[in-house]
Amino acid sequence: MDITLEQLKSSFEEQGYIVDKETLVTAYLALKLHKPLLVEGPPGVGKTELAKVLANVFATELIRLQCYEGLDENKALYEWNYQKQLIKIQISKGNQGGQYREVEDSLFSEEYLLERPLLKAIKAKQKPVLLIDEIDKVDQEFEAFLFEVLSDFQISIPEWGTIAARQIPIVVLTSNSERELSDGLKRRCVYLYLDYPPPEKELRIITAKIPELCKRLSHEVAKAVGHIREQLELRKKPSIAETLDWARAVVALDADRLSPEIINLTLSTVLKNKDDLDNFHRNMGIQDLFEMVVNDSTAQKTGERG
Amino acid sequence: MDTENLIENNMTRFFHILRHLGVRVSSAETVDALRALLAVDALDPRQAEAAFLATLAKSPDDRVIVQKAFRSFFVPPELKVERSEKYKQIREQEAREVAVAEKEIKYELDGAGDEHKEVNVPLTEEEKKIYSKLPEDKKEKIQRFLRKQFQGNPVNNPEELINTMIKSSLNYWKYCLEDEGPPEVEYTGNEETDEILREVSEKLRDEEQLLYEDIQNIAETDMPTASAIIAKLSRRLATRISRRYQRSKKRQRMDLRRTIRQNIRYGGTMFNLKFQTKKINKPRLLLICDVSGSMAKYASFMLQFMHGLVSVTEEIESFIFSEKVKLITKEFLNPQPFEQTMTDIINLSDDWGKGTDFNEALRVINEEYKELITKDTFVIILSDTKTLNAEMAATRLMDMKKRVKDIIWLNTLSKKVWPGTRSVITFWRHCRMLECSTLSHLDKIMRTEMMK
């Protein structure tokens, strides 16, 4: 991909995707070295979003392979449309004049092939972005198969022969680290670990995504989420999307800043299971969170004046 | 000076350091790293660091090491000099201590007539260093031993006897003094490289102390963090259990009965094929946890760990034992915080913190809970092996091994003392015994040994 680091940076900014230098350089290297980008990190830190943004940056198609337990080659690569083939055979049976060879050939033509994401990416005319989402959910056999596809970018369909990719796709693999991926797969990839953003970065994300939000509220929400993530051992820490939802929820209640009442009314947008809510009330509490946010704001104002 | 060669040499040394720190760097990755470095502004440290992180680190743990190694390796010359000076002083200090040790570990032997000869105990450099690290009272004890022994008490070949005793004593202290920490770094012999290795490993040790601390020594103030780590490890294994499939050689087996029934409407043409779904095979876990005096704290962590698994599989049976054995599965199934569960368990057990009789525990489990011992059962034992009737317990364990899928013994004793501990030798033939005295051990076991 012919793009400079600066161009990539400004393209990300145009898309409202706020990145730190490491993320920027890593994404740039994946493009430059023509290697898949393996993004690991907890849920909701923008791993999938990175692939979407890359597709937008290069104005190309995003082809997504959502991984799940039991995903196999048929679902990922291609399948013959069995039912359609069967109908064709049944019709041909009635048509006595039909030639056997012609029928057989046509049964394995493109018309009867159901393209799945990997084949679609290989056959794409314009270099697509192939997102292989949550790779850690597949079993090891499928991972090995994927490893082969990503090495050569060619596949073999017995009835057709080998099909090589017209363009090597931009590949983004994401993982929540639920299972360790094989060394071989990792070696093939450029590696990026995305963690929850620090409050300063989250503030920039909020400002980029919800520009209508007043600065003070953005700041308070970013700080509050930062405290929740940092100080509580939660089953599920709030994701960036949940931070944005919280900010929107506060605005929807016509509030222009956080208060204990507003936190109480909107907390369920960031903490979404009972254990975490109980944990919050037991170990932090609404009043404490509010005071921490207020103290941060006061300290910042003093700092700004000083 | 040839700048190009300097860069190449520097890069090679950097990769060499990473390998010594335990990061697996293949030749292909070194090529990738160099290509990455050429693709960015190599003079911008942040870009260069990101390039190395992207190509050389393949896990969050690797990232920490690569980042620390980068920041230690690529430093301005004045900082290098400062570091060299610091480690030079440390080496000199160590040399002085070794010299003092040489002077102190001497004794006098009666020679011919009234003559006394001074004898040095022939210690290795490592043994001298161990001696120099001992507290003063322990040093004094060794010196007293040397002064007193054999005076006026002639023994054949006393030198050999004294050497053996001193070496054994120092060997004992080696295990007592040894810091728990990340795996020892293998030094290269090159002074400058070793300084970097030492700096990075010291930083890693400082930051991740809790992971490497013996669970028994974790301070009360660190308990919430340790509990959080345990909860995370537990969740990780839970995820693996929750999607554990029975492996089938056939990728997809057709369900003939359903297929025929479904296709009768098409006059028998097999239009809609139905396949058998894969069967989820969640393992049955049987935890046998030693809660005797020496094991109480380890047991509390292990029980918390198992508590975390109950959310994904109810096929966990937990026993605690010391002098007697008790089934505590029911307590775990109550949806209440772990702390409350632990209080209930401690209240339930009269002998929490008492002596250990593993033989009795196995007898009761084998005889009264036969139904739990099946070919699908994964047995996890947490104990330091110190028990009454070890031989008989070993026979029972051998018998149990034939009837279950696997037995994993998490031993809280340091692996270094296993060969000299009789009870360990008695049991390790009949199970997979793994060292488990720190959170780091538990993490490693969960990642590499469980549910293989």
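Trainee: Let's start with a helix pair. Is the crossing of H10(A) and H12(A) left-handed or right-handed?

Mentor: H10(A) and H12(A) make a right-handed crossing. Bear in mind as we go that this is a predicted model.

Trainee: Handedness alone doesn't give me the geometry. What else describes two packed helices?

Mentor: In general, you want two things for a packed pair: the angle between the axes and the distance between them. Here, helix H10 (residues 199-209) and helix H12 (residues 240-252), both of chain A, have axes that come within 10 Å and cross at roughly 60 degrees. That angle is why H10(A) counts as oblique to H12(A).

Trainee: Which residues of H10(A) and H12(A) meet?

Mentor: From H10(A) come A:Glu202, A:Ile205, A:Ile206 and A:Lys209, and they meet A:Ile240, A:Thr243, A:Leu244 and A:Ala247 of H12(A). Sort that contact by class and you get five nonpolar, one polar and two charged residues.

Trainee: Let me try the recipe on chain B. At what angle do H4(B) and H9(B) pack, and how far apart are their axes?

Mentor: H4(B) and helix H9 (residues 191-207) of chain B pack at about 135 degrees, with the axes 9 Å apart. So H4(B) is oblique to H9(B) as well. H4(B) passes H9(B) in a right-handed crossing.

Trainee: And what does each helix bring to the contact of H4(B) with H9(B)?

Mentor: On the H4(B) side, look for B:Ile65, B:Lys68, B:Ala69, B:Ser72 and B:Phe73. Facing them in H9(B) are B:Ile196, B:Glu199, B:Val200, B:Lys203 and B:Leu204. The split is six nonpolar, one polar and three charged.

Trainee: One more for practice: how do H16(B) and H17(B) cross?

Mentor: The axes of helix H16 (residues 358-368) and helix H17 (residues 390-403) of chain B come within 8 Å, crossing at roughly 35 degrees. This crossing is left-handed. H16(B) contributes B:Phe358, B:Asn359, B:Leu362, B:Arg363 and B:Asn366, while H17(B) brings B:Met392, B:Ala393, B:Arg396, B:Leu397 and B:Met400. By class, the contact holds six nonpolar, two polar and two charged residues.

Trainee: On to sheets. What holds the strands of a sheet together?

Mentor: Strands pair through backbone hydrogen bonds, and the pairing can be parallel or antiparallel. Take chain A, where five strands make an open sheet in the order E2-E5-E8-E1-E9, with parallel pairing. Strand E2 (62-66) and strand E9 (190-193) are the edges, each paired on one side only. From one strand to the next, the twist averages 20 degrees.

Trainee: How many bridges link E2(A) to E5(A)?

Mentor: E2(A) and strand E5 (residues 129-133) of chain A have five bridges, in the parallel sense. To find your place, start at A:Ile63, whose bridge partner in E5(A) is A:Leu130.

Trainee: Where can I see antiparallel pairing in chain A?

Mentor: Go to strand E6 (residues 154-157) and strand E7 (residues 161-164) of chain A, which pair over four bridges. They form a hairpin with three residues between the strands, and A:Gln154 stands opposite A:Ala164.

Trainee: What is the pairing in the six-stranded sheet of chain B?

Mentor: It's mixed, in an open sheet ordered E5-E4-E3-E6-E7-E8. The edges are strand E5 (325-327) and strand E8 (432-435) of chain B. Ignoring direction, neighbours in this sheet are turned by 20 degrees on average. Inside it, strand E3 (residues 284-290) runs parallel to strand E6 (residues 377-383), joined by six bridges. B:Cys289, for instance, has B:Leu382 of E6(B) as its bridge partner.

Trainee: Zooming out, how many residues of chain B touch chain A?

Mentor: 31 residues of chain B are in contact with 26 of chain A. Helices H2 (27-39), H3 (45-56), H4 (60-73) and H11 (223-242) of chain B each give two or more residues to that side. H3(B) gives the most, with seven residues. By class, the chain B side has 14 nonpolar, five polar and 12 charged residues.

Trainee: Last one: which domains does chain A have?

Mentor: The domain assignment gives domain 1 (5-77 + 116-193), domain 2 (81-110) and domain 3 (199-299). The C-alpha centres of domain 2 and domain 3 of chain A lie 62 Å apart.

Technical notes
Residues numbered from 1 in each chain as written. Chains lettered and ligands numbered in written order. Predicted model: local features only at pLDDT ≥ 70, side-chain atom pairs only at ≥ 80, totals over all residues. Axes fitted to C-alpha atoms, helices over the stretch in contact; angles between N-to-C directions. Parallel < 35°, antiparallel > 145°, perpendicular 65-115°, else oblique. Left-handed = near helix turned anticlockwise from the far one by under 90°. Contact = placed C-beta atoms within 7 Å. Nonpolar A, V, L, I, M, F, W, Y, C, P; charged D, E, K, R; others polar. Pairing = 2+ DSSP bridges. Domains from an automatic or database assignment.
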